[in-house]
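User: I am new to reading structures and would like a close look at one part of this one. Please explain each term when it first comes up.

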Amino acid sequence: MNQRVIRIFIAFVLLVFSQLSQAEATLNVNGLSGKVEDNVEAYLSAIPEEEYSTSLRFQSRIESSITQAVRALGYYHPSIHFTVDEDDQTLNVDVELGEPVVIDTMDIEISGEAKDDPQFLGLIESSKLKPGAVLSHGDYDALKSGLRNLALKRGYFEGDFSVSRLEIAPELNKAFIHLHYASGIRYHFGHTQISGSQIEQDRVYSLIPFKQGDPYSAGKIGQLNQNLSSTSWFSTVYVEPDLSGVGEGNRELPMTIQLSPQSRNQVDTGIGYSTDVGVRGSLSWRKPWLNAQGHSFDSSFSLSKPEQQVVLGYKIPLQDVLREYYRIQYGMKYLDNNDTTSLESSLGLERHWQLDSGWHRTLFIRLLNEDFTQGAQEDTFTMLLPGISFSKTRTRGGAMPTWGDKQSVTLEYGDPAVISEARVLRVLGRTTWIRSYNRNHRGIFYIGGGANFTESVFDLPPSLRFFAGGDNNLRGYKYESISPKDSKDKLTGAKYMATTSLEYQYRVYGNWWLATFVDYGDAWNETPQWKTGTGVGIRWASPVGPVRLDFAFGLDAEEGTDKFQLHFGLGPEL
């Protein structure tokens with residue numbers, strides 16, 4: 001009895017030792033590259049590393065996984081050899097793929113109304129399945145699912161495969177593909193029923209990007225959802241076709257739009273910091289809809305040490321709700337910065353158009369009144385400024401775009417014959433470009449500026465004059481510290497300004513980047529004295545937007561001023 005117990009104990013110890021030895025085994029797979037290697041790694045990743053061993057049973061398991069992985073990419077005759085390094089418990093696997101299975105026959109037919117649909121023809125043409133190509137089961141499955149999905153997106157709701165067959169002759173290394181898709185008819189948009197809207201139905205109908213009788217398209221449904229959400233009128237948007245009539249001979253599908261009104265009042269608060277204005281608090285109150293015509297109201301109040309501002313706006317959408325509207329805006333701002341003390345109020349009327357080219361055009365007129373002290377000058381000016389502006393923004397890639405550009409240009413005119421203190425033509429423009437290389441390299445370039453074509457800069461209020469320097473203008477110099485000066489060495493503001501910047505960013509880890517930059521520019525009246533700022537910075541793609549910290553040096557800073565500036569900012573780069 002004791003001997004039996006001893007034998008059981010010894011067997012148990014050997015089993016435990018065997019398991020411990022297996023847990024220390026490593027696996028090396030040789031002879032593969034590219035997509036085949038990636039697929040084998042994906043299959044083997046399903047096996048926990050603590051189950052690795054050098055046993056014959058484990059070798060059989062590995063051989064089965066590798067065989068499945070390479071067959072999926074057309075290699076049906078792999079040769080797999082195992083060797084074991086007993087010293088460090090390593091299992092070496094040498095794989096020879098052998099001759100691949102290639103596609104011999106591509107028998108693909110589309111029947112029904114999709115037969116001549118260019119999107120179906122394009123999908124087949126773009127498939128990687130070609131006669132003579134190495135068979136890939138993934139590409140075959142992708143084409144099948146692609147045809148099904150495209151049919152649903154394009155309104156062929158009765159479509160199905162009459163033939164769906166992949167034949168493989170491993171001994172011949174050949175594959176034969178047979179896909180026959182019968183699409184049936186293409187359904188069209190029917191009557192659209194709207195429910196739950198607090199806005200006039202004509203306004204909502206104007207957001208629908210299709211007409212009754214147009215061919216069905218899931219892309220149009222998505223655009224409709226986006227259009228309805230972009231108005232900010234509704235808290236929930238639900239759009240769906242009624243598919244109950246599919247197969248009953250009626251080609252048109254009724255559409256249902258279910259809406260819920262947005263809250264009539266929305267309040268947001270925020271706090272931020274930049275080295276230009278220091279700590280900044282903000283409060284906004286919006287009424288997304290005021291009446292059945294979809295009019296809206298918005299207001300914002302911002303507070304920082306050098307400036308306090310309140311803006312009230314009233315928006316009146318026109319027939320083309322998202323692309324055309326009027327906006328009435330009133331603003332009041334108090335500024336106490338450097339040599340400027342100013343209280344300004346402005347009332348503006350704007351007409352907006354979103355053009356098919358992507359440009360946003362605004363025709364406006366604003367009445368500006370400003371009571372100010374600028375250096376040694378104290379005065380009160382009133383200006384009536386009609387103008388026009390164009391802007392366009394394109395981006396790809398989230399909060400820190402991998403690609404993007406933004407252009408803007410504005411023209412304003414004031415004349416003493418119509419209220420204004422002086423005759424002035426104002427021209428402002430800016431262009432910014434973002435480009436990336438691979439995942440880890442970004443470049444940002446901008447050039448911008450403005451000009452006041454007028455007799456004297458002293459005939460303009462400070463808000464129309466130009467000052468350079470700061471976080472987003474000319475780094476290495478204090479906020480709005482660059483302009484001509486008067487006889488008492490006080491800033492006067494300038495008639496002209498031009499600045500440009502070139503910045504390179506390198507991703508260090510995750511959402512963290514290092515940056516280096518050079519800024520160049522000036523604000524002047526007669527002759528520019530160009531100034532250069534340069535430095536390095538840190539960028540973080542935070543959940544609330546890019547965070548920027550720059551260590552900048554003003555290479556042409558005046559004697560007696562600090563040539564080093566620390567700049568911090570939060571907000572979009574475009």
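Analyst: What follows is a walk through one helix, the loop after it and some strands, with a short look at backbone angles at the end.

This is a predicted model, in which local features need pLDDT of at least 70, side-chain atom pairs count only at pLDDT 80 or more, and totals for chains, interfaces and linings use all residues. Numbering starts from 1 along each chain as its sequence is written, and side-chain values use heavy atoms, with hydrogens and water left out.

Begin with helix α2, which spans residues 34-44. Helices (H or I, at least four residues) and strands (E, at least two) are DSSP runs, numbered from the N terminus. Val36, Val40 and Leu44 of α2 are buried; buried means under 20% relative accessible area, exposed over 50%, and partly exposed in between, with a 1.4 Å probe and protein chains only. These three residues cover an arc of only 65° around the axis, so they are on the same side of α2. The arc is taken from the directions that run from the helix axis to the C-beta atoms. An α-helix has 3.6 residues a turn, so residues three or four places apart point the same way. Among the elements that cover the buried residues of α2 are β1 (26-30) and α3 (56-71).

The loop between α2 and α3 holds Ile47. Ile47 has a relative accessible area of 7%, and is therefore buried. Which residues does Ile47 touch, leaving aside its neighbours within four places in sequence? Ile47 is in contact with Tyr52, Phe58, Arg61, Ile62 and Ser65, where contact means heavy atoms within 4.5 Å. Ser60 is 13 residues from Ile47 along the chain, and their C-alpha atoms are separated by 13 Å.

Now turn to the strands. β1, which helps to cover α2, pairs with β3 in the parallel sense over five bridges. Two strands pair if DSSP finds at least two bridges between them. Within this part, Leu27 stands opposite Leu91 in β3. β3 itself covers residues 90-96, and five of its seven residues are buried, which leaves the strand mostly covered. In a regular strand the side chains alternate between the two faces of the sheet.

β3 is also joined to strand β2 (residues 79-85) by seven bridges, and these two strands run antiparallel. Ile80 has Val95 in β3 as its bridge partner. β2 and β3 form a hairpin with four residues between the strands, and in this hairpin Gln89 takes a positive phi near 55°.

That angle deserves a short comment. Most residues other than glycine have a negative phi, and most peptide bonds are trans. Elsewhere in the model, Ser232 also has a positive phi, near 65°, without being a glycine. Ser232 sits in the loop between α7 (218-230) and β8 (234-241). Its relative accessibility is 38%, so Ser232 counts as partly exposed. Ile419, not a glycine either, has a positive phi of about 75°. The loop between β18 (403-414) and β19 (424-437) contains Ile419. With 52% relative accessibility, Ile419 counts as exposed.
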